[in-house]
Structures are given as C-alpha cells and as structure tokens.
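Here are my notes for a first look at this structure. Keep the view open as you go through the points.

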Amino acid sequence: MSTSTNVTSLCDSEDRLCITRVYQPELIVIPVLLLAAFLCMMLSLCFLTLFHKKEMQHNSQRQHGSNRRQHLQGIDAPPELNPLDCEVVPMTVHKSNTQPAELHLSTERQHCSFEQITPLSLSFTVKPENIVTLYQATMEQKPVVLRVLNESADSRERQVFLGFAHFLSELGPHPCLPRLLGVVRDRVPLIMILEGLENRDLLGFLWRCRKEPPGLAAPCAITERLLFSMARQIASALEHLHSKNCTHGNIGARSVLVDGDLSVKLWGFGPAFHRRMQVGTSGEVKKIEMRKWQAPEVLAHQPVSQRSDIWSFGILLYEMVTLGEPPFPNVMASELLQYLQRGKNLKRPKTCSKSLFSIIKACCQWRPQDRAPLKEVISMLQRAESHASDTVLLQAPEPLDIEKYMQAAGYGEAYNFAFL
C-alpha cells in the first residue's frame, strides 16, 4: 500500500496538522539531528581555530624574546667588549631508557657571566669544524672552555650537541675527568661549559717541554716520577669509564688535558659518544690518523673493547716518555697491522727505563686476553712511581719537526683534542 493511500486513510486531505504528524520523522526529527550535528562540528572548528591562534601568539612571543636576547649574547664579540651575561642551566641526570639526545636539565637557573672570551688557540693547524666553535673564557674567575654550537645548525645537529652533553653527564664526576659545568640551551647559540685546564692538551705540552731549557725550575719539567704519576691518573680515569661500561677508544696524548699543577685529566670522548649513538656498529677505524694508537683487533675491523683501551694506554706511555714522538715512526699507518702480525712491536726508547718499558709491553700484547688488566697496570704504575727518580728530567734527543711528525703519525688532517 502506498504512502499517499495511508495518509488518505488516516487523515482528511484538508487536515494539515494530521498530515504533518504522519510525516513527523521525515519533516522534523531528521533535519533537527542534522542541524545539531552541523552546529557541533562548527563549534569544534571554532575551538580548534582559537586554540591554534593562541599557540601561534605564544610561540611568536617566545621567539621574539629569543631574538632579543640573541643580540645580547656577545659570544663573537672581541674580548675588550662587555662580558657575556648568561643563564647557566645546571644539569641533573634522570636515569631512564630514553635516547642519549634527550637531555634532561633542571629548571633552576644560575646567573653568571663569561669574561675574557677569546677563540681557543690550537696546538697545531687543524681542519676547521663547521658545527662547533671553541672559545676560552673565565667564569667566576675560573678558566672555562665554551663549546658553542653555530647558529646555522639544524635540529639534528642541536640534538647531537645536547646528546653529547648528556653523555658527559652520565659519566659522573671523577677527579681525573674534566667537569661539565653546565649547558646554556634557553637561547641561541647552545653553549656547553667545560672546565678549562691551564696547559691544555698533553701532546702540545710535551712538545713545549722540548723547547724549554732543561732544569727542575722549568714550568714543564717532567721527571720519571711525574710521568708515572700522570699515567696513574689517566689509568684511574680509564678505570672509572670502564666501570660505567664505557670504552674510550681514543686514548692518546692528544686526548689528555694538563692543568697548571701538572695534574692530568682524560678527555677525547667523541668516538665513544658516536659509538653509543650508533649501537651495533663495528669498531672500524675510519680515520687514518688514529691507526697508530689502535689495537691490532681494531685495525682488523673488530669492535673496540676495554682491552683495546689498554693497548692504546701503552702507546700513550710511549708518547710521554719520548716527549711527544709518534709511535711506530718508520711504519706507515696503512701497513701497521701487517707489521704487528709479524710479531714486531714498539722499540724501547733510549730515555725509557726498564720498569716503564715493562708496563708498555704488558699493555701492548697481540692477544687482548694477554694484556694486563687495568687494575694490575695501576698497581704496576704505583710501584714504579715509588721507586722512580724525581730529579732526572726527561729529555728529547732532537727538536720536533711538525711536518715529519704528521707524516710519521699518519695524520691525513691535523687534529686537536677539543673538537671531540
């Protein structure tokens, strides 16, 4: 039966009210529901639009404040201008399973100022880095090194920069590791504030000792006892890193810093950080200039291990006793693995005592399991230090030729500790 027949049977054709009641669902209920849905959708869109405008205004105000402070940074200003005022955000590490780049900082801010800001001079010519610029300065009358991320850095480079700061904070405090004093990240540029050591890197310090006139009054006079003391401090820092399940992988005189009292601190954590960021990668040595310091298994593209650090520590002892001569000077870096495979190793320098050379040999064994454990190395250094001479100075047979050094050490480009 048709709809019109139903309407005719129920209502008179002139009764409009009756007909409306019959068609009530189609004429009233459905349109009202559609209208209600439309109004709800419009209200939602208005709410989202208003929220977006407020967020844009907030970001604009924050960006405007950042730009205004950027003109006050002064990091590139000549040192004779006013000191750089800043807010240092001290770091507090929250143990979590987050990626290293997710750096957690406390919200507490400490007012400070940087003074006497000058570019950090390098030990020798180095290929410039486009991402990070280094400055030396004073903060609260103490020397610091400012590791400044260039303002042109993208978001990934900023993440890596903060990730490196987080990595350093995870290593924890140790008297033989440089202190990370803080990170400025509430404005551009990002700045990492590191403890500054007066005599800079050990390699440059050893080279300066070659030029100084001999005598115990010289500012860089190194006796055998002092050498053992320095080596023990480095080994102590390395033991601390290993306890943190961190393999250094870059041990060498270039990666050690020297303070004014001739105490030393281990640095050069760049390769360790990059390995942490690229979990599962091999320990292949990609930079030819690092080969002379690496263990045979690393030269054979095996992963870097704590036993590899012990080999490199032995090479460091060779650098120290020779006042900065390159290891394996008559062997090309690309041929070092074959040289070691033939059973050859470091030759005893003329200025090296038997006790020191025995420690070098204990560290530089072909098989990793044959190398002395780090605790044993520290004990050997302590015993040797107690019997070592404190009056006879280490001397080099001849002045150092930088060009010959670069060639003998296998450096493709020059190197500097602070870029790590």
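1. One term before anything else: a residue is called buried under 20% relative accessible area, exposed over 50%, and partly exposed in between, using a 1.4 Å probe and protein chains only. Helices (H or I, at least four residues) and strands (E, at least two) are DSSP runs, numbered from the N terminus. With that in hand, look at strand β6 (residues 191–195): five of its five residues are buried, so β6 is largely enclosed by the rest of the structure.

2. A word on what you're looking at. This is a predicted model, in which local features need pLDDT of at least 70 and side-chain atom pairs count only at pLDDT 80 or more, while totals for chains, interfaces and linings use all residues. Residues are numbered from 1 along each chain as its sequence is written, and side-chain values use heavy atoms, with hydrogens and water left out.

3. Now the overall picture. The chain has 13 helices and eight strands, and buried residues make up 46% of its 420 residues. Its accessible surface (Shrake-Rupley method, 1.4 Å probe; for residues, only the protein chains shown count as cover) comes to about 23,100 Å², with 54% of that belonging to carbon and sulfur atoms. A contact here means heavy atoms within 4.5 Å. Of the contacts in the chain with a separation of 6 or more, 69% are between residues 24 or more positions apart.

4. Back to β6 and its partners. Two strands pair if DSSP finds at least two bridges between them. Strand β4 (residues 142–149) is joined to β6 by five bridges, and the two run antiparallel; in this pairing Val144 stands opposite Glu195 of β6. Strand β5 (residues 180–184) also runs antiparallel to β6, with four bridges, and there Val184 stands opposite Ile191.

5. How many residues make the hairpin that joins β5 to β6? The connection runs through six residues. Pro189 is found in this loop between β5 and β6, and the peptide bond from Val188 to Pro189 is cis, with omega near 0°. That one deserves a look, as do the two residues in the next point: most residues other than glycine have a negative phi, and most peptide bonds are trans.

6. The loop between β3 and β4 holds Glu140 and Gln141. Phi of Glu140 is positive, near 55°, and Gln141 has a positive phi of about 65° although it is not a glycine. Are these residues buried or exposed? Glu140 counts as partly exposed because its relative accessibility is 48%, while Gln141, at 78% relative accessible area, is exposed.

7. Just before that loop, have a look at Thr138, which lies in strand β3 (residues 132–139). Thr138 counts as buried because its relative accessibility is 17%. Leaving aside residues up to four places away in sequence, Thr138 touches Ser113, Phe114, Glu115, Gln116, Pro143 and Val144. You've met Val144 already, as the residue opposite Glu195.

8. Next, the aromatics. Rings of Phe, Tyr and Trp (its six-membered ring) pair if their centres lie within 6.5 Å; planes under 30 degrees apart count as stacked, over 60 as edge-to-face and the rest as tilted. The structure holds six such pairs. In one of them, the rings of Trp267 and Phe269 have centres 5.4 Å apart and planes at 80°, so the pair is edge-to-face. Both Trp267 and Phe269 are buried, and they belong to one aromatic cluster with Phe164, Phe167 and Phe273.

9. Phe273 leads us to helix α7 (residues 270–277), where Gly270, Pro271, Ala272 and Phe273 are buried. What covers the buried residues of α7 includes α4 (155–170).

10. Last stop, helix α13 (residues 402–409), where Ala409 sits. Ala409 is buried, with a relative accessible area of 0%. The C-alpha atoms of Ala409 and Ala333 are separated by 7.3 Å, although the two residues are 76 residues apart along the chain.
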